[in-house]
Amino acid sequence: MDTNSGKRYAEALTLQIKVELTERGMTQKDLAEAVGIGRPAMNHYMMGHKSMPMPTFFAVAEAFGLSPRELMERAEARIARPEARTA
């Protein structure tokens, strides 16, 4: 995977997390609390300033009631479908 692919995946995952938050009526603060991290750390991940560690990613998926695979598949679908990138 080249650098651009990695960046696209990270952006798609961030967008998917935002969609999941909206669908559940949650805020980043709610998610940070559910995951057990501070809101500033969650904000850094969501803004792309820091990469989300795998344990945090797994906890995020769990907070949404999803498996990590389901969350990643939803993000990957955003890469595959150009119209879904901005949803």
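**View 1. Gln16 and Arg78 meet through their side chains in this predicted model.** The polar contact that joins the two side chains has a length of 2.5 Å. Gln16 belongs to helix α1, which covers residues 3–24. Its relative accessibility is 5%, so Gln16 counts as buried. Buried here means under 20% relative accessible area. Beyond neighbours within four places in sequence, Gln16 is in contact with four residues that can be shown around its side chain: Leu71, Arg74, Ala75 and Arg78. Arg78 thus appears both in this contact list and in the polar pair.

**View 2. Glu20 and Arg74 form a second side-chain pair.** Their polar contact is 2.8 Å. Glu20, too, lies in helix α1. With 0% relative accessibility, Glu20 counts as buried. When residues up to four places away in sequence are not counted, Glu20 touches Phe64, Leu66, Leu71 and Arg74. Leu71 and Arg74 are also among the contacts of Gln16.

**View 3. Met26 sits in the loop between α1 and α2.** Helix α2 covers residues 28–35. Leaving aside neighbours within four places in sequence, Met26 is in contact with Leu21, Leu31 and Phe64. Phe64 is 38 residues from Met26 along the chain. The C-alpha atoms of these two residues are separated by 9.9 Å. Phe64 is touched by Glu20 as well.

**View 4. Asp30 of helix α2 is paired here with Ala63.** In sequence, Asp30 and Ala63 are 33 residues apart. In space, the distance is 9.7 Å, C-alpha to C-alpha. Asp30 has a relative accessible area of 32% and is therefore partly exposed. Ala63 is the last residue of helix α4, which covers residues 54–63.

**View 5. Helix α4 has a buried side and another side with exposed residues.** Thr56, Phe57, Val60 and Ala61 are buried. They span an arc of only 140 degrees around the axis, so they fall on the same side of α4. Pro55 and Glu62, on the other side, are exposed. Gly65 follows the helix. Its phi is positive, near 75 degrees.

**View 6. Three buried residues mark one side of helix α3.** They are Met42, Tyr45 and Met46. Their arc around the axis is only 95 degrees, which puts them on the same side of α3. The helix covers residues 39–47. After α3 comes Gly48, with a positive phi near 80 degrees.

**View 7. Ala41 of helix α3 is shown with Met52.** These residues are 11 apart along the chain. Their C-alpha atoms are separated by 9.2 Å. Ala41 is partly exposed, because its relative accessible area is 25%. Met52 returns in the next view as part of a pocket lining.

**View 8. The largest pocket holds about 380 Å³ of space.** Its lining consists of 17 residues. Ala10, Leu13, Thr14, Ser51 and Met52 lie nearest the centre. Helices α1, α3 and α4 each supply at least two lining residues. Helix α1 gives the most, with seven. By residue class, the lining divides into 11 nonpolar, three polar and three charged residues.

**View 9. The whole protein chain places the close-ups in context.** The chain has five helices and zero strands. From the N terminus on, its elements run α-α-α-α-α. Of its 87 residues, 32% count as buried. Gln16 and Glu20 are among the buried residues. So are Phe57 of α4 and Tyr45 of α3. Among contacts with a separation of 6 or more, 55% come from residues 24 or more positions apart.

Methods: Residues numbered from 1 in each chain as written. Predicted model: local features only at pLDDT ≥ 70, side-chain atom pairs only at ≥ 80, totals over all residues. Heavy atoms only, no water. Buried < 20%, exposed > 50% of the residue type's maximum accessible area, 1.4 Å probe, protein only. Helix = DSSP H or I, 4+ residues; strand = E, 2+ residues; numbered from the N terminus. Arc of directions from axis to C-beta. Polar contact = N/O pair within 3.5 Å; in protein donor to acceptor, adjacent residues only side chain to side chain. Contact = heavy atoms within 4.5 Å. 1 Å grid on protein atoms, 1.4 Å probe; cavity = no way out; pocket = protein on both sides within 12 Å on 5 of 7 lines; lining within 4 Å. Points joined across faces, edges and corners; volume = space filled by probe spheres on them. Nonpolar A, V, L, I, M, F, W, Y, C, P; charged D, E, K, R; others polar.
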